[in-house]
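Reader: Hey, I've got this protein open and I'm a bit lost. Can you walk me through it?
Author: Sure, pull it up and we'll go piece by piece.

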Amino acid sequence: MKGLPKLLARRDADGRTELDLEVQPDNAWFAGHFPQFAILPGVVQIGWAAHFTRELHGLGPGVSGMEQVKFKRPILPGMRIMLTLKPDAGARRVRYEYQDAESSYSSGVLQFGETP
């Protein structure tokens, strides 16, 4: 996937993965969304969560459904955020959340289709 954030650190514990990410200000996903106040599109946040789940936990090939998706606060250029992934490989799902020390930015559950 193009336009990924910079991965600063990874921690695995208690069945979850925490990724410290830096969302570079020049990331192409900010272009035109929105010209006066750039924010990271929600579809990109879902795409990043799916990408890292496939790469780190082997679920895939693609997202077949979503539940409880909430966008609570905008993710802005230059932010450092943590993405938490809690996979349930048996159910082919992952719960994800973008957050920092003070706030939750978005969260949801992604269901992955069967591998052909």
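Reader: OK, what does glutamate 18 form a salt bridge with?
Author: Glutamate 18 pairs with arginine 16, and their closest N and O atoms are 3.1 Å apart. A salt bridge here is a side-chain nitrogen of Lys or Arg within 4 Å of a carboxyl oxygen of Asp or Glu. One heads-up: this is a predicted model, where local features need pLDDT of at least 70 and side-chain atom pairs count only at pLDDT 80 or more, while totals for chains, interfaces and linings use all residues. Residues are numbered from 1 along each chain as its sequence is written, and side-chain values use heavy atoms, with hydrogens and water left out.

Reader: Is glutamate 18 buried or exposed?
Author: Glutamate 18 counts as buried, at 16% relative accessibility. Buried means under 20% relative accessible area, exposed means over 50%, and partly exposed is in between (1.4 Å probe, protein chains only). Its partner, arginine 16, is partly exposed at 30%.

Reader: And which residues are in one network with them?
Author: Salt bridges with shared partners link Arg11, Arg16, Glu18 and Asp20 into one network. Within it, arginine 11 bridges to aspartate 20, with the closest N and O atoms 2.8 Å apart. Arginine 11 is partly exposed at 34%, and aspartate 20 is partly exposed at 22%.

Reader: How many salt bridges are there in the whole structure?
Author: Six turn up in a search of the whole structure. One of them joins arginine 10 to aspartate 12, again by their closest N and O atoms, 2.8 Å apart. Arginine 10 is partly exposed at 43%, and aspartate 12 is partly exposed too, at 45%.

Reader: Switching topic: what's up with the phi of aspartate 14?
Author: Its phi is positive, near 55°, and aspartate 14 is not a glycine. For background, most residues other than glycine have a negative phi.

Reader: Where is aspartate 14 found?
Author: Aspartate 14 is in the loop between strand 1 (6–13) and strand 2 (16–22). Strands are DSSP runs of E with at least two residues, numbered from the N terminus. Aspartate 14 is exposed, with 73% relative accessibility.

Reader: What about arginine 92, what's its phi?
Author: Arginine 92 has a positive phi of about 55°, and it isn't a glycine either. You'll find arginine 92 in the loop between strand 4 (80–88) and strand 5 (93–99). Arginine 92 is buried, with a relative accessible area of 14%.

Reader: Let's go to strand 3. Where does lysine 70 sit, and how accessible is it?
Author: Lysine 70 belongs to strand 3, which covers residues 63–71. Lysine 70 is partly exposed, at 44% relative accessible area.

Reader: Which residue is methionine 66 separated from by 4.7 Å?
Author: That's leucine 110: the C-alpha atoms of the two are separated by 4.7 Å, although the residues are 44 apart along the chain. Methionine 66 is in strand 3, and methionine 66 is partly exposed at 49%.

Reader: Last one: what do the side chains of serine 107 and lysine 72 do?
Author: They're joined by a polar contact of 3.1 Å. A polar contact is a pair of N or O atoms within 3.5 Å; within protein, one must be able to donate a hydrogen and the other to accept it, and residues adjacent in sequence count only if both atoms are side-chain atoms. Serine 107 lies in strand 6 (residues 104–112), and serine 107 is buried at 12%.

Technical notes. Helices (H or I, at least four residues) and strands (E, at least two) are DSSP runs, numbered from the N terminus.
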